[in-house]
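This report describes a single protein chain on the basis of its atomic coordinates. Particular backbone features come before the overall fold, the pocket and the cavities.

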Amino acid sequence: MAALIEDYALIGDLQTAALVGRDGSVDWLCLPRFDSPACFAALLGGEDNGHWRLAPAEGGPCTRRAYLEGSLVLESVWETATGTVKVTDFMPQRDHAPDLVRIVEGVSGSVEMLGVLRLRFDYGHAVPWIRRTDGHRVAVAGPDSAWLRSEPEVRTYGQDFSTRSEFTVTAGEKVAFVLTWHPSHEPRPALVDPHESLRHSLQDWREWSERCRYRGPYREAVLRSLITLKALTYAPTGGIVAAPTTSLPEEIGGVRNWDYRYCWLRDSTLTLNALLSVGYADEAAAWRDWLMRAVAGDPADLQIMYGLGGERRLPETDVPWLAGYERSFPVRIGNTAATQFQLDIYGEVIDSLHVARGSGLGADPHAWNIQRCFLEFLAAHWREPDEGLWEIRGPRRHFVHSKVMAWVAADRAVRALEADPELDGDLDGWRTMRDEVHREVCERGYDAERGTFTQYYGSHELDAATLLIPRVGFLPPHDPRVVGTVDAVRRELCRGGLVRRYTSEFSPGGPVDGIPGGEGTFLVCSFWLADALHMTGRTKEARELFERLLGLCNDVGLLAEEYDPRAGRQLGNFPQAFSHIGLVGTALLLSGENTAD
């Protein structure tokens, strides 16, 4: 059986990341970048698609595991009949080539260990040619090359198209393995000392963690979420991927399987606010700078997501040789949603820059010019339907959340001009636009009979994104329309006390998103509900919901995109930045430390 999604832990080097199971198997790793082809793809297929297991020969899950304090260094411990052993897994921040380091250490008694390395480049498809050179195992397939070595040297042998090692460790003994990737046409990179790399990795992560200013009651969960967000950062550019995986399903056996190894603009405001609120101005500035580079150009060409370096073309294809996680097919590479028209993105970007300006980040000379261009585009196009926040693949609609974010764009621009009259802009025109959008949303997006905002104009369905209405300032929290919307979402969108995105499966005309099948509850929406409950004066209920959500984190504090309350398991790509951004934001709000404007 496939491991549960929550059975995995994350390690990474700020340019890519790996998933390590409780059984000591690395089942997912893309090299050299988050969005590169995977060399370990057992997560989405089987062991023949690539993995690296390093654990006691008798097998079975570890007895316990945890990250070393304030770091992304994972320690897994097995207690066996003959002794206890621990494996320390990490990826040191790279100088040039990516390294995956695994250090086996005997704790007590003696333990027989088994290592099975099965490299499969190109998403589990390409079986490499393997040779022995200077005591190292070298794997080559097309553009990819990987070197495996151990300290002290452990005998390895080939079996069933894998590289195996068998050895015994006793108390105090250590055996370190290092797997290094590089382009096959280049010479082997310099060797890293695994033990020095561990020391430096711990030092780097702990120095970073100590900068966190949050000292509230949820510090452990907040810091783990911040470390996760840092781990999902592509350091060369400052972009933050939505998740390090592709095609982990939103429904087991379903088709809602998407590639999340890209940078969504929608995350920008919440990411910036979370980082700035807890003292990470450098990371916030790097994300803001990535954002500015990515969105430069014609406003009509703005995309909802970009590649790690701001790449625009993210063509979507299927990978037919991978069976999918628990037979959830197809496995997709790339994301067609990048080409959708989503009106809310303009508001997200302008709000991001508004937050950055108000927080004291250094002014970008081009930022205001970009915002002016976006406002000019919105003035001409805000009345058009779009695909909306949830990236529907059905007909365009007049989504309420999209219009609210158009209002946000105009509102933030007006406030910027009012605060700094020297800025150049159409103050009267933007005020008029702000008023027109507000009036239309309240008239066409509100169901007076049910006392709630709806998903799109004229619809009966609800949308969890309307919970953001008080958070962005569209209406005050205690407005009856806001309170009514919060109550309606709780009544109609909650399943097992957690929030679904929308009620599309019950639409008379079929799913509004144009995709068959269902999905789990959406974790960030449940954090939004906790925020809305707190803002509408129901803090006790908000705190209870938030603490329940904390209980859904796996044993090392990680969250996927969704949760199935019936099956009691996580769903979707993992770990998910949006979920951890929601966790941080709600913790700050409940602690009175949120600086969101």
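## Backbone features and overall fold

Tyr123 is part of helix 1, which spans residues 121-124. The model is a predicted one. Although Tyr123 is not a glycine, its phi is positive, at about 60°. Its relative accessibility is 7%, so Tyr123 counts as buried, the limit for that class being under 20%.

A second residue with a positive phi that is not a glycine is Glu326, where the angle is near 50°. Glu326 is placed in the loop between strand 20 and strand 21. Because its relative accessibility is 26%, Glu326 counts as partly exposed.

The loop between strand 20 (317-318) and strand 21 (332-333) also holds Pro330. The peptide bond that leads from Phe329 into Pro330 is cis, with omega near 10°. Another cis peptide bond joins Phe574 to Pro575, with omega near -20°. Pro575 is located in the loop between strand 28 (569-571) and helix 14 (577-590).

Phe574 is in the loop between strand 28 and helix 14 as well. With a relative accessibility of 0%, Phe574 counts as buried. Leaving aside residues up to four places away in sequence, Phe574 touches residues from several parts of the numbering, among them Ile5, Tyr8 and Leu19, then Ala243, Pro244, Thr245 and Leu248, and also Asn554, Leu558, Leu559 and Ala560. The C-alpha atoms of Phe574 and Thr246 are separated by 8.7 Å, while the two residues stand 328 residues apart along the chain.

Leu4 offers another pairing of positions distant in sequence. This residue is found in the segment before strand 1 (9-12). Its C-alpha atom is 9.0 Å from that of Leu571, with 567 residues of sequence separation between the two. When residues up to four places away in sequence are not counted, Leu4 touches Tyr325 and Arg569. Leu4 counts as partly exposed, because its relative accessibility is 32%.

How do these local features relate to the chain as a whole? The chain has 14 helices and 28 strands. Its radius of gyration is 25 Å, which agrees with the value near 25 Å that a compact globule of 597 residues would have. Along the principal axes, the C-alpha atoms fill a box of roughly 75 × 50 × 45 Å.

Of the 597 residues, 63% are buried. Among contacts with a separation of 6 or more, 66% are between residues 24 or more positions apart. The chain exposes about 21800 Å², and carbon and sulfur atoms supply 50% of that area.

## Pocket and cavities

The largest pocket has a volume of about 480 Å³. Its lining is made up of 20 residues, and those closest to the pocket centre are Glu69, Gly70, Glu220, Ala221 and Arg224. Strand 6 (64-67), helix 2 (194-209) and helix 3 (219-231) are the elements that give two or more residues to this lining. Helix 3 gives the most, with six residues.

Enclosed spaces are present too: the count comes to twelve cavities of 30 Å³ or more. The largest cavity has a volume of about 320 Å³. A set of 23 residues lines the largest cavity, and Tyr260, Trp390, Glu391, Arg501 and Glu561 lie nearest its centre.

The classes of lining residues are set out below for the two spaces.

| Space | Nonpolar | Polar | Charged |
|---|---|---|---|
| Largest pocket | nine residues | three residues | eight residues |
| Largest cavity | twelve residues | two residues | nine residues |

In the lining of the largest pocket, charged residues thus number eight beside nine nonpolar ones. In the lining of the largest cavity, nine charged residues accompany twelve nonpolar ones. Charged residues appear by name close to both centres: Glu69, Glu220 and Arg224 are among those closest to the centre of the largest pocket, and Glu391, Arg501 and Glu561 are among those nearest the centre of the largest cavity.

Definitions and conventions. Residues numbered from 1 in each chain as written. Predicted model: local features only at pLDDT ≥ 70, side-chain atom pairs only at ≥ 80, totals over all residues. Heavy atoms only, no water. 1 Å grid on protein atoms, 1.4 Å probe; cavity = no way out; pocket = protein on both sides within 12 Å on 5 of 7 lines; lining within 4 Å. Points joined across faces, edges and corners; volume = space filled by probe spheres on them. Helix = DSSP H or I, 4+ residues; strand = E, 2+ residues; numbered from the N terminus. Nonpolar A, V, L, I, M, F, W, Y, C, P; charged D, E, K, R; others polar. Rg over C-alpha atoms; globule rule 2.2 N^0.38 Å. Buried < 20%, exposed > 50% of the residue type's maximum accessible area, 1.4 Å probe, protein only. Contact = heavy atoms within 4.5 Å. Areas by Shrake-Rupley, 256 points an atom, 1.4 Å probe, with all protein chains shown as cover.
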